Structures are given as structure tokens and as C-alpha cells.
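Biologist: I am new to reading structures, and I would like a close look at a single part: the inside of this protein. Please walk me through it step by step.

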Amino acid sequence: MSETGTASERTRHAGALFSGLGPRYDRMGTILSFGQDARWRRFLASRLGSNRPLVLDVATGTGLVAQAIVDAGVGRVLGLDRSEPMLRSGSNRAAFANVLGRAEALPFPDATFDALTVTYLLRYVDDPGATLRELARVVRPGGVVASLEFGVPPSSVWRAAWWAYTRWAMPVIGGFDSREWREVGRFLGPSIEDFWRRYPMAEQQRLWAAAGLAPVRVRRMSLGGGVVMWAVRA
């Protein structure tokens, strides 16, 4: 299934940055997060509850969240991503099918899925509120929408440590792997910080509620380095 619509400069930049990372994405994600990313994904999957026959995993990438959903026995998973190299990654085998598509214009009818997950996406779209409304559109009433994003620690002490790590250490660690991962290391910290400056927690919760997702629950993980949000489709 081909993409529809026109990607913005923000989305094109992110797609170009990550397109060649599929074969090493899982390993480097574990290294850069000190192994916390797997715990975040398991918690994300646990928010869906049980008996969700059909789950859509948006921005599925190499399928790590899809695998967590399958391992938790939640239901069958359909993966969607705008990056064909990511979908073709050798580790992407958990979903029963994967399709190319954009979260801003999902190629599915209303109320198709029993639950939906989305990971590390909203930083890359021009209108997070409109994207949340589109995600909610394809979920049946009573279904759960859950997201995982990188966060900025709320504690001033840990925020300073986070800033030093993302600005200095991550590019160095990434550079040991490749030039591409060094660029990702340089990109992530400013991207995460800019997103939370523009959309602090209260504003994100407002956007979720405006999309018909309530009540909005939040769990900050690993001192705030990861943030899981979830809500029910009204």
C-alpha cells in the first residue's frame, strides 16, 4: 500500500534520517536508552488490556512494539509505517501484516481497530492535534489508544544530566557505530526538548481530550526519559 498525501519538510527530514538504520536500530536503541526501551514497550502494551482482537501499531518501525503486544497476548497486530526499509527489517516479524502509510492520513475506515499504539511519532508531525484525531478515528468506541514518547525529566537535577547526555554523550556513542547514528545522536536531544517546549504535558492532554480520548492517563518512566500516555476512545 503506497503512501497518500504529501509529507512535510519535518516528516521528510525524519524519514531521511532514520531510513537507513533498520538493521542496527534495535541494538542501538537498547544501547542509547541503557536498556530501558524494552521496559517502556512492555508497559505500553500492558495498557491495552486484554481481548483486543485487532490492534494497529502506528510508526511500527522494526516492529518492536508489535512484538511486545503479541508477547502480551493482547491480540493480532497490523503494523503501519512510512518507511519501507524499516518495514523490511529482518526483525519485523511480529505483525500479521505491515503496510506503508502516514499517520496523518490513515488508509482505513472509521472504527476499524480495537486498540492502537503509536511510538515516537508526534514530534515529527506538523499538527499533533490533527494527527491524534486521525488516530482516534480508526479506533472503535471503547478501544484504547496508547503512545510512547521520549520525555524530558521534570526534576532539574535529572534534566541537567539528561541534557548533558543527549547533547554530548549520545553523538559520541552513536559515532562509534556509524556516521548515520552520530547524526541521530545529535538530532534527538534538541528534537525532544523542542517538542516538550511547544507541547508541555497539559497541552498534550488537552489535545488528546479534544480528539475524543479520555480520561488521559500518564506514566513517566526512567526518571522521565520515557512517557507513556493512554486513553479510551469515547
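Modeller: Happy to! Let's begin with two words: helices and strands here are DSSP runs, with at least four residues for a helix and at least two for a strand, numbered from the N terminus. Counted that way, the protein has nine helices and seven strands. Please keep in mind that this is a predicted model. The mean pLDDT is 90, and 89% of the residues reach 70 or more. One stretch to treat with care is residues 1-5, where pLDDT stays under 50. Where pLDDT is low, the predicted coordinates should not be read in detail.

Now to the inside. Of the 234 residues, 53% count as buried, which here means under 20% relative accessible area. The chain also brings far-apart stretches together: among contacts between residues at least 6 apart in sequence, 67% join residues at least 24 apart.

The largest nonpolar core has 68 residues, and L56, V58, F108 and L116 touch the most other members. Helix α8 (residues 179-198) gives this core its largest share, seven residues. To see how one core member sits, find L56: beyond its neighbours within four places in sequence, its contacts include L78, L80, F108, L116 and V138.

From here, move to G79, which lies in strand β2 (residues 76-81). G79 has a relative accessible area of 0%, so this residue is buried. Apart from neighbours within four places in sequence, G79 is in contact with D57, T60, A95, A97, N98 and V99. Take the last of these: G79 and V99 are 20 residues apart in sequence, while their C-alpha atoms are 6.3 Å apart in space.

Strand β2 also leads us to a helix. In α4 (residues 64-71), the residues V65, A66, A68 and I69 are buried. Seen down the helix axis, the buried residues of α4 fall within an arc of 160°, so they line one face. A general rule helps here: an α-helix has 3.6 residues a turn, so residues three or four places apart point the same way. The partners of that buried face are α3 (37-46), β1 (54-58), β2 and β4 (113-119). Just after α4 comes G73, with a positive phi of about 70°.

Helix α6 (128-137) is our next stop. Seven of the 10 residues of α6 are buried, so this helix is largely enclosed by the rest of the structure. Those seven are P128, G129, T131, L132, E134, L135 and A136. They pack against β1, β4, β5 (139-150), α8 and α9.

Finally, is there any empty space inside, and where does one look for it? Rolling a probe the size of a water molecule over the atoms shows where empty space is left. The count comes to one cavity of 30 Å³ or more, and about 30 Å³ of space lies in the largest cavity. Among the residues that line this cavity are P128 and L132, which we met in α6, together with F195, Y199 and W208. Both α6 and α9 (201-210) supply at least two residues of the lining, and the largest share, three residues, comes from α9. To revisit the tour on screen, you could start at L56 in the core, go on to G79 in β2, and end at the cavity lined in part by L132.

Terms used
Residues are numbered from 1 along each chain as its sequence is written. This is a predicted model: local features need pLDDT of at least 70, side-chain atom pairs count only at pLDDT 80 or more; totals for chains, interfaces and linings use all residues. Side-chain values use heavy atoms; hydrogens and water are left out. Buried means under 20% relative accessible area, exposed over 50%, partly exposed in between (1.4 Å probe, protein chains only). Contact means heavy atoms within 4.5 Å. pLDDT is the predictor's confidence in each residue, from 0 to 100. The arc is that of the directions from the helix axis to the C-beta atoms. A nonpolar core is a set of buried Ala, Val, Leu, Ile, Met, Phe, Trp, Tyr and Cys residues joined through side-chain atoms within 4.5 Å. On a 1 Å grid over the protein atoms alone, a cavity is a set of points where a 1.4 Å probe fits but cannot get out, and a pocket is an open set with protein on both sides within 12 Å along at least five of seven lines; lining residues have an atom within 4 Å of a point. Grid points are joined across faces, edges and corners, and a volume is the space filled by probe spheres set on the points.
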